[in-house]
Amino acid sequence: MPNLGDVFPDFEAQTTVGAIKFHEWLGNSWGILFSHPADYTPVCTTELGKAAAMQSDFAKRGVKMIALSCDSVESHQGWIKDIKGYSKCDEFDYPIIADDKRELAVKFGMLDPDEKDAAGLPLTARCVFIIGPDKKLKLSILYPATTGRNFDELLRVVDSLQLTATKKVATPVNWKQGEPCMVLPSVKAEECPKLFPKGVEIKQVASGKQYLRVTPQPE
């Protein structure tokens with residue numbers, strides 16, 4: 001599995017929108033690559049339906065989505081009809097990679113050894129990779145095949161990653177877009193007025209240390 005901060009490996013693949021070269025397809029956008037155990041499976045159907053329903057939310061943030069499943073393009077195309085019908089979603093614009101030989105699943109460490117298909121082969125786990133415009137891996141999450149993902153959380157994470165990529169803040173527990181942020185420990189007190197013109201509040205703690213510095217979300 002790629003490490004955080006590494007350039008995400010480029011690859012070529014067949015997808016439901018034709019052949020792609022991943023870095024070329026990504027361009028200068030952010031990207032989310034999320035894998036699925038197999039086509040025509042219940043949890044995956046709910047996930048891809050939710051992703052389709054949230055396409056515009058991710059697009060507003062300059063994020064391209066791409067899924068991967070260990071079946072053929074032809075199988076994917078048929079499955080998309082089920083996904084659209086189940087989720088009551090007319091649009092399904094993001095591609096699904098065909099990884100029927102499991103080459104990418106093996107390359108990126110996506111296999112779940114505890115879950116097997118009918119042939120006894122390991123199923124692909126539910127991986128999430130978020131890649132920045134610099135092609136570097138910004139976040140990875142690995143779920144077992146039996147646990148569906150929360151796409152509202154992925155959207156929240158994208159907001160945090162994009163904010164903290166350019167501002168000297170971190171986002172606290174359960175943070176959402178527009179809420180206060182934490183000033184990075186590396187920021188010196190004398191730098192705060194310039195960096196955070198809306199002000200910085202120092203939270204008092206028993207130790208007396210002034211490390212809990214809160215500021216409104218920078219613009």
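**Pocket, strands and salt bridges in a predicted model**

Sorted by class, the residues lining the largest pocket come out as five nonpolar, two polar and four charged. The structure here is a predicted model, so everything below is read from computed coordinates. The pocket itself holds about 160 Å³ of space. Its lining draws on T166, K167 and K168, then on L195, F196, P197 and K198, and finally on T215, P216, P218 and E219.

Two of those lining residues, P197 and P218, turn up again around C192. This cysteine sits in helix α7, which covers residues 192-195. C192 has a relative accessibility of 9%, and because the cut-off for buried is under 20%, C192 counts as buried. Leaving aside residues up to four places away in sequence, C192 touches V183, V187, P197, V200 and R213. P218 is 26 residues from C192 along the chain, and the C-alpha atoms of the two are separated by 12 Å.

One of the C192 contacts, V183, belongs to strand β11, which spans residues 181-183. That strand is part of an open sheet of four strands, arranged in the order β10-β11-β13-β12 with antiparallel pairing. At the edges are β10 (169-170) and β12 (201-202), each of which pairs on one side only. β10 and β11 run antiparallel and are joined by two bridges; within this pairing, A170 has M182 in β11 as its bridge partner.

Elsewhere in the chain, strand β3 makes a good starting point. It runs over residues 30-36, and seven of its seven residues are buried, so the rest of the structure largely encloses it. In a regular strand, side chains alternate between the two faces of the sheet. In β3, W30, I32, F34 and H36 point one way, while G31, L33 and S35 point the other way, and all are buried.

β3 pairs with both β4 and β8, but in opposite senses. With β4 the pairing is parallel and extends over seven bridges. Here S35 has L68 in β4 as its bridge partner, and H36 stands opposite S69 of the same strand. With β8 the strands run antiparallel, joined by four bridges, and L33 is partnered by F129 in β8.

β4 is mostly covered too, with six of its seven residues buried. Besides β3, it pairs with strand β5 (residues 96-98), again in the parallel sense, this time over three bridges. L68 appears here as well, with I97 as its bridge partner in β5.

Turning to charged side chains, a search of the whole structure finds seven salt bridges. One of them joins R126 to E47, with the closest N and O atoms 2.9 Å apart. This pair links distant parts of the chain: R126 is in strand β8 (residues 126-131) and E47 in helix α2 (residues 42-53), 79 residues apart. Both ends are tucked away from solvent by the accessibility criterion: R126 is buried, with a relative accessible area of 2%, and E47, at 2% relative accessibility, also counts as buried. The pair does not stand alone, as E47, R126 and R149 are linked in a network of salt bridges.

A second salt bridge runs between D159 and R61, whose closest N and O atoms are 2.5 Å apart. D159 lies in helix α6 (residues 151-164) and R61 in the loop between α3 (55-60) and β4 (63-69), so this pair ties together parts that are 98 residues apart in sequence. The two ends fall into separate accessibility classes: D159 is buried, with a relative accessible area of 7%, whereas R61 counts as partly exposed at 24%.

Helix α6 also carries a local salt bridge, in which the side chains of E153 and R156 meet at 2.7 Å, N to O. Both residues lie in α6, three residues apart, or about one turn of the helix. Neither end is classed as buried: E153 is partly exposed, with a relative accessible area of 28%, and R156 is partly exposed as well, at 23%.

Notes
Residues are numbered from 1 along each chain as its sequence is written. This is a predicted model: local features need pLDDT of at least 70, side-chain atom pairs count only at pLDDT 80 or more; totals for chains, interfaces and linings use all residues. Side-chain values use heavy atoms; hydrogens and water are left out. Buried means under 20% relative accessible area, exposed over 50%, partly exposed in between (1.4 Å probe, protein chains only). Contact means heavy atoms within 4.5 Å. Two strands pair if DSSP finds at least two bridges between them. On a 1 Å grid over the protein atoms alone, a cavity is a set of points where a 1.4 Å probe fits but cannot get out, and a pocket is an open set with protein on both sides within 12 Å along at least five of seven lines; lining residues have an atom within 4 Å of a point. Grid points are joined across faces, edges and corners, and a volume is the space filled by probe spheres set on the points. Ala, Val, Leu, Ile, Met, Phe, Trp, Tyr, Cys and Pro count as nonpolar, Asp, Glu, Lys and Arg as charged, and the others, Gly among them, as polar. A salt bridge is a side-chain nitrogen of Lys or Arg within 4 Å of a carboxyl oxygen of Asp or Glu.
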